[in-house]
Amino acid sequence: MRKYNILVFPCDTEIANEIINSLETHKYFSLIYASSEEDSYRHLRGATVYWLPYVGESNFETELNAVVKDKKIDFIIPAHDDVSYTLSHIENDIEAKVIGQSVKVNEIVRFKDRTYEYFKGKLPIASIYRNEDELEFPLFVKPKRGEGSKNSFSIETKGEWEIFKKKYKVDDFVWMELLSGEEYTVDCFSHNGRLLYAGARSREKTLKGISILSRLVHDDEMNETFREYAHIISNELNMHGVWFFQMKRDAFGKLKLLEVGPRVSGTMMLNRVRGVNFVELALFQALGHDVEIIYNDIDISLARALKPIYKCSVEYENLYIDFDDSLWIDESYINTDIMKLIFQAKNENKKVILITKNRKNDLVGVLHRYGIANIFDEIIHLNDNEEKVDFMEGKALLVDDSFSERKKAIENGFYAYANDSIEAIMKCFSPISY
């Protein structure tokens, strides 16, 4: 089986992060990135990012096909709702296969009012208000075409409603019952309308529409209910591939539909850690393979936080690693972060040297016990009167817990860091994305 080129667009969203994390080490798929933002944070990871116009611009299709042709793109995976919608309409004019749902699906689910109208009587739907004299406070308003909870908020009183009317064009919004209970996402995969998998998870804390605190649902009755609703959606819309839907409980605890998503969701990673890689499944499905879904029946929780990405101009050729309290912590375990750094350096053909004044006579024993004696290009065991800096050569970087050792290295024109900077070192000094 040959390797296929996958275009992720736009590559800067949390949805894109899940797509990339699903495929970046895959032996059959190579990732290509594109963005409509000139300053993509993917640049900070050393990636080449191809620029494309926003999907609403007249030259989008032309520029997209130019990238597809130039980079020999086989598949495009949309990482934004508007991109999913637009690509579904122009897929026949694109020289690559789009991983997404049909035009029919996108025309319904991209608009909240159309979604609620379509599933009225088929799924539990929140009360929708169409006239002002019907309003019951508190209520909730959301854009008919929107994403990420942008411009979606509760309105508690008649006075707040009047302020809302002055600020926004109210006909662009859905006015609906305020759902105050627990919220859930169900990540799904289908084949020609037949549901193959539905994995429900909680949405206990969200940021800009992305769940940042989530747990798999293990209540059998709830999961059966979610599967019933997933079957209805999949059958009604003839879903094919990856998709999701969200529900929320009302004040009386009844689940009601929030939205249906025709794409990868940002927190599908929770089900992926269970063993269900939706992106991989969708690609193999698109290649004509019969896909089978298996998963580990385990309990998983997820909390997400901002993750730093570094970029700097430092280069090094020789990596010097201290032993006591740097590689060997508390005389009891190996620092696995340093091990990752060591093998990153070896992947990039850098020289790795263990340099130490170890006086506890356990150096050889520890290295052999953990099977790491031979990973170093050189082991320098110093006497008490010798200085590490005198043995450092070329463009060198020292990792050492000792401030004085780091100070001497820096004063002599080398780079020096403590264990607290290992992650930055790996991401900052490497052209390889980790």
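Which residues does Glu183 touch, not counting residues up to four places away in sequence? Keep that question in mind while the whole model is on the screen, and remember throughout that this is a predicted model.

**The whole chain**

Begin with everything selected and shown as a cartoon, where the protein has 13 helices and 23 strands. Measured off along the principal axes, the C-alpha atoms fill a box of roughly 90 × 50 × 45 Å. If you colour by burial, 52% of the 434 residues count as buried, and if you switch to a surface, the protein exposes about 21,500 Å², with carbon and sulfur atoms supplying 47% of that area. Among the contacts with a separation of 6 or more, 64% are accounted for by residues 24 or more positions apart. Colouring by charge brings up 56 positive and 71 negative charges, whose mean positions are 3 Å apart.

**Stop one: Glu183**

Now select strand 10, residues 183–191, where Glu183 is found. Glu183 has 17% relative accessibility, and because buried means under 20%, this residue counts as buried. Here the opening question can be settled: leaving out residues up to four places away in sequence, Glu183 touches Arg201, Ser202, Arg203, Gln246, Met247, Lys248 and Leu258.

**Stop two: the sheet with strands 1 to 5**

Move next to an open sheet of 5 strands, which has the order 3-2-1-4-5 and parallel pairing. Strand 3 (49–51) and strand 5 (97–98) stand at its edges, and because each has a single partner strand, one side of each is left without a neighbour in the sheet. Select strand 2, residues 29–35, together with strand 3, and you have a pair that runs in the parallel sense over 3 bridges; within this part of the sheet, Tyr33 stands opposite Val49 of strand 3. Then add helix 3, residues 81–90, which packs on the sheet and touches strand 1 (4–9), strand 4 (75–78) and strand 5, its direction making about 140° with that of strand 4.

**Stop three: helix 1**

Keep that sheet visible and select helix 1, residues 14–23, which is mostly covered, since 8 of its 10 residues are buried. Those buried residues are Ile15, Ala16, Asn17, Glu18, Ile19, Ile20, Ser22 and Leu23. To see what they pack against, show strand 1, strand 2 and strand 4, and then add helix 8 (269–274) and helix 9 (278–286).

**Stop four: Ile210**

From helix 1, go to strand 13, residues 210–215, and pick out Ile210. Is Ile210 buried or exposed? Its relative accessibility is 17%, so Ile210 counts as buried. Beyond the residues up to four places away in sequence, Ile210 touches Glu14, Lys205, Gly266, Thr267 and Arg304. A distance line drawn from the C-alpha atom of Ile210 to that of Leu398, 188 residues apart along the chain, spans 39 Å.

**Stop five: the sheet with strands 17 and 20 to 23**

Follow that line to its other end and select another open sheet of 5 strands, this one with the order 21-20-17-22-23 and parallel pairing. Its edge strands are strand 21 and strand 23 (415–417), each of which pairs on one side only, and the twist averages 20° from one strand to the next. Select strand 20, residues 351–356, and strand 21, which run parallel and are joined by 4 bridges; here Ile355 stands opposite Ile380 of strand 21. Helix 10, residues 336–347, packs on the sheet and touches strand 17 (318–321), strand 20 and strand 22 (396–399), while its direction makes about 160° with that of strand 17. Helix 12, residues 403–411, lies across strand 22 and strand 23, running at about 160° to strand 23.

**Last stop: Glu378**

Finish on strand 21, residues 378–381, where Glu378 is found. With 33% relative accessibility, Glu378 counts as partly exposed. Apart from its neighbours within four places in sequence, Glu378 is in contact with Lys351, Val352, Ile353 and Leu354. A final distance line, from the C-alpha atom of Glu378 to that of Phe323, 55 residues apart along the chain, spans 13 Å.

Key. Residues numbered from 1 in each chain as written. Predicted model: local features only at pLDDT ≥ 70, side-chain atom pairs only at ≥ 80, totals over all residues. Heavy atoms only, no water. Helix = DSSP H or I, 4+ residues; strand = E, 2+ residues; numbered from the N terminus. Buried < 20%, exposed > 50% of the residue type's maximum accessible area, 1.4 Å probe, protein only. Contact = heavy atoms within 4.5 Å. Pairing = 2+ DSSP bridges. Axes fitted to C-alpha atoms, helices over the stretch in contact; angles between N-to-C directions. Areas by Shrake-Rupley, 256 points an atom, 1.4 Å probe, with all protein chains shown as cover. Lys, Arg positive; Asp, Glu negative; His and termini not counted. Charge placed at Lys NZ, Arg CZ, Asp CG, Glu CD.
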